[in-house]
Amino acid sequence: MTKGTKNVAPVEQPAREPELTAHQRSLRDRLLAAPMVAAPGPWRPVFEYRYGVPVGGLLGIGFATHPGTGRDLVMVVSQDGHGLFDAVTGEKIARDRDPDPEHSTPDGVADLSCPGLGPVAGSRVRIAGLYGGGLHATTEDGWSLDVVAPAWPNERVLLSRGGGFHTGPHGERWWHIFHSRHSTFRAAGFSPSGRTIAVATSSDLSLWTRETDTGRRDGAGS
């Protein structure tokens, strides 16, 4: 005796992804062909190491301002605690290896912030990285940062001015300044002042700084 079988609707095949247009292929090829280069003047790297300073288990970063000097500060949240860097010299000016567990990561509050430390203790710093959030993508005087992944999952950070990689050649209007092939990308952006670029991965922090409009380093001479 043969048992009856139910009629089962055939499984729908997923729609095929549309092919890239000629413009999209050309743009991807331009990004893939662009080598990593130094950021142009007036930007300079803060750390000597090509990929910045090692920070194991980095989860996210955020910007603050030194209340005394006005310099940009970068707060780092990692699996080993919290740290605070001077964005001009690269000096680590504060460290908390054992933060309160309730505030050790930014995902516990709606604005993704953590308590500040060192000279910004008593304030909160918004953190961008593993848990979300973001940093400034542009400056008031026309610089831009784009994070692209033409060969996902390895993100590339592009610095540009005056229209970026859509309007000019690499090395003149836009610069491929960072490639996260060695580690997992976390965040990239400018400080609110526009004087610092920060790029964070799960293992490193990279910083670039530039002079102020008056020709002095932020906080210089103070």
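A salt bridge is a side-chain nitrogen of Lys or Arg within 4 Å of a carboxyl oxygen of Asp or Glu. In this predicted model, a search of the whole structure finds two such contacts.

Select Asp 86 and Arg 71 to begin. Their side chains meet in a salt bridge, at 2.9 Å from N to O. Asp 86 belongs to strand β5, whereas Arg 71 sits in the loop between β3 (58–65) and β4 (72–78), so the pair ties together parts that are 15 residues apart in sequence. Asp 86 counts as buried at 8% relative accessibility, and Arg 71 counts as buried at 18%.

Next, select Asp 141 and Arg 210, whose side chains form a salt bridge of 2.7 Å, N to O. The loop between β9 (128–129) and β10 holds Asp 141, and the segment after β15 (204–209) holds Arg 210; the pair therefore ties together parts that are 69 residues apart in sequence. Asp 141 is partly exposed, with a relative accessible area of 32%, while Arg 210 is buried at 9% relative accessibility.

Turn now to the aromatic rings, where the whole structure yields four pairs. Select Phe 47 and Phe 85: this pair is edge-to-face, with 6.2 Å centre to centre and 85 degrees between the planes. Phe 47 lies in the loop between β1 (44–45) and β2 (53–54) and Phe 85 in strand β5 (residues 81–86), so the pair links parts 38 residues apart in sequence. Phe 47 and Phe 85 are both buried.

Finally, select Trp 143 and Trp 175, a tilted pair with 6.1 Å centre to centre and 45 degrees between the planes. Both residues are buried. Add Trp 43 and Phe 190 to the selection to display one aromatic cluster with Trp 143 and Trp 175.

Technical notes:
Residues numbered from 1 in each chain as written. Predicted model: local features only at pLDDT ≥ 70, side-chain atom pairs only at ≥ 80, totals over all residues. Heavy atoms only, no water. Phe/Tyr/Trp six-rings, centres within 6.5 Å; stacked < 30°, edge-to-face > 60°. Helix = DSSP H or I, 4+ residues; strand = E, 2+ residues; numbered from the N terminus. Buried < 20%, exposed > 50% of the residue type's maximum accessible area, 1.4 Å probe, protein only.
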